[in-house]
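Here is a friendly walk through a model with more than one chain. Please keep the 3D view open as you read.

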Amino acid sequence: MGFISKILKNPIQSLFYLLAIARGSVYIIRYRILNNKVRIKFPFAAFAPVRITGPGSVSIGKGNHVQKSIFRGLTIVTLSPNALVTIGEKCLLGGVTIRCRQRVEVGDGVMMANPLIQDSFFANPEYAISRIEKNLINETRPITIGTNAWLGAESIILGGTKIGNDTVLSAGAWCLGTYTGDYMLVSGNPAKKPLPIDKLLRLKGIA
Amino acid sequence: MRDQIARLRGAIYSLWYGYFRKNVSIGTGLRIYKKLRISGSGRVDIGRNFVVDGICGDRSQYVTLDVLHPDSVIRIGNNARFHAARISAKFKISIGDDVLIEESGVIDTDFHSIEKKRENSSDENAEKCSVSIGDRVSIGSRSFVTKGLTIGDDVIVAPGSVVATSVKACMRVCGNPARPL
């Protein structure tokens, strides 16, 4: 009953939503036929284009949304055959770019606004010819993002980052090997020390 | 197959530019996987085995080389590899050999002054604003190199950094403004 009343309240929005669901279903069928390493679960609302390329495996849970943004939808690139990208349920994936060489894990209910998630320093490290720090170029470390996290606009997440549950990344944050616990605020380029949000709210007198 | 098409595109591009755009000189072995756009009337010198490519996963981005002024110069060394790089010069940008640039911008001018009229700024000159990037430098995606600085050899610029001061050789920098890692 609640479902029908929701549709009656704003019919145009629900029409767009249904169109997005239809578009998402086309993507699901397309990737099931063309690439058996990509698994997307129904319902998948694609308001913007989705591109998944590369030899690795990708699994996307049910109830995800892909909003419109300047980076034109969701982009997932797997750069090696044993790369593994897992995205949980009910995430907002507007303008997300994921370049994965080893492993990227995203929890349930994560909100993202066009971040770059890349678990190696360069997308083409075989052409980065530098005499120093050969291991830094070739180094790939897995990325984990906890449930209900919020990644702000244009944030950049590089290898070895572990973001806890309910954590907020501010806009333009830059993480390399950052480890945060649960319910923290991370900001800055490069990222400063994570602050617990409980303490911040207490300082502001909100809670 | 993809390499052959890229080589063919490169050959056609070199031929076209050899006849119709005398301000551009391109060395042998040019490979174009994605679009290359050279605009403006300045001088562009490109070395041997230059590779033009897009960034993986984004079809819309391509390499642009802008030489905005008749006196402006872009010089690129041998075996350079540009993935969706955006380079615009008003004075001089020189890039060394074996350089990798991914999805980032290099610029040597502000285009306008900070006065209210927003005209060409008077205090910019070639000595102050030229950018030079050394050999074997790798620049990560979504980073930016601003005017009037020198990046030494073997430098690694992390993704998402803004290089605002000169960087010595054999360093790795990150952040905004870029600092040693």
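The paragraphs below go from a helix, to a sheet, to the place where two chains touch.

Please keep in mind that this is a predicted model. A good place to begin is helix H2 of chain A, which covers residues 11-34. You can check its geometry by hand: at 1.5 Å a residue, its 24 residues should span 34 Å, and the C-alpha atoms at its ends are 35 Å apart, so the expected and the modelled spans agree. Along H2(A), the residues A:Gly24, A:Tyr27 and A:Ile28 are buried. What covers the buried residues of H2(A)? Among the covering elements are three strands of chain A: S1 (38-40), S2 (44-46) and S3 (50-53).

Now turn to chain B, where eight strands form an open sheet with mixed pairing. Reading across it, the order is S2-S5-S8-S11-S14-S17-S19-S20. Strands S2 (31-32) and S20 (179-180) of chain B are the edges, each pairing on one side only. At the S2(B) edge, the partner is strand S5 of chain B (residues 51-53), and the two run in the parallel sense, joined over two bridges. One of the residues to look for here is B:Ile32, whose bridge partner in S5(B) is B:Val52. In general, strands of a sheet pair through backbone hydrogen bonds, either parallel or antiparallel.

Finally, look at where the chains meet: 25 residues of chain B are in contact with 28 residues of chain A. On the chain B side, the elements that give two or more residues are strands S8 (81-83), S11 (100-102) and S19 (172-174) of chain B. By character, the residues on that side of chain B divide into eight nonpolar, nine polar and eight charged.

Key:
Residues numbered from 1 in each chain as written. Chains lettered and ligands numbered in written order. Predicted model: local features only at pLDDT ≥ 70, side-chain atom pairs only at ≥ 80, totals over all residues. Pairing = 2+ DSSP bridges. Helix = DSSP H or I, 4+ residues; strand = E, 2+ residues; numbered from the N terminus. Contact = placed C-beta atoms within 7 Å. Nonpolar A, V, L, I, M, F, W, Y, C, P; charged D, E, K, R; others polar. Expected span 1.5 Å × (residues − 1). Buried ≥ 20, exposed ≤ 12 C-beta atoms within 10 Å, placed from the backbone.
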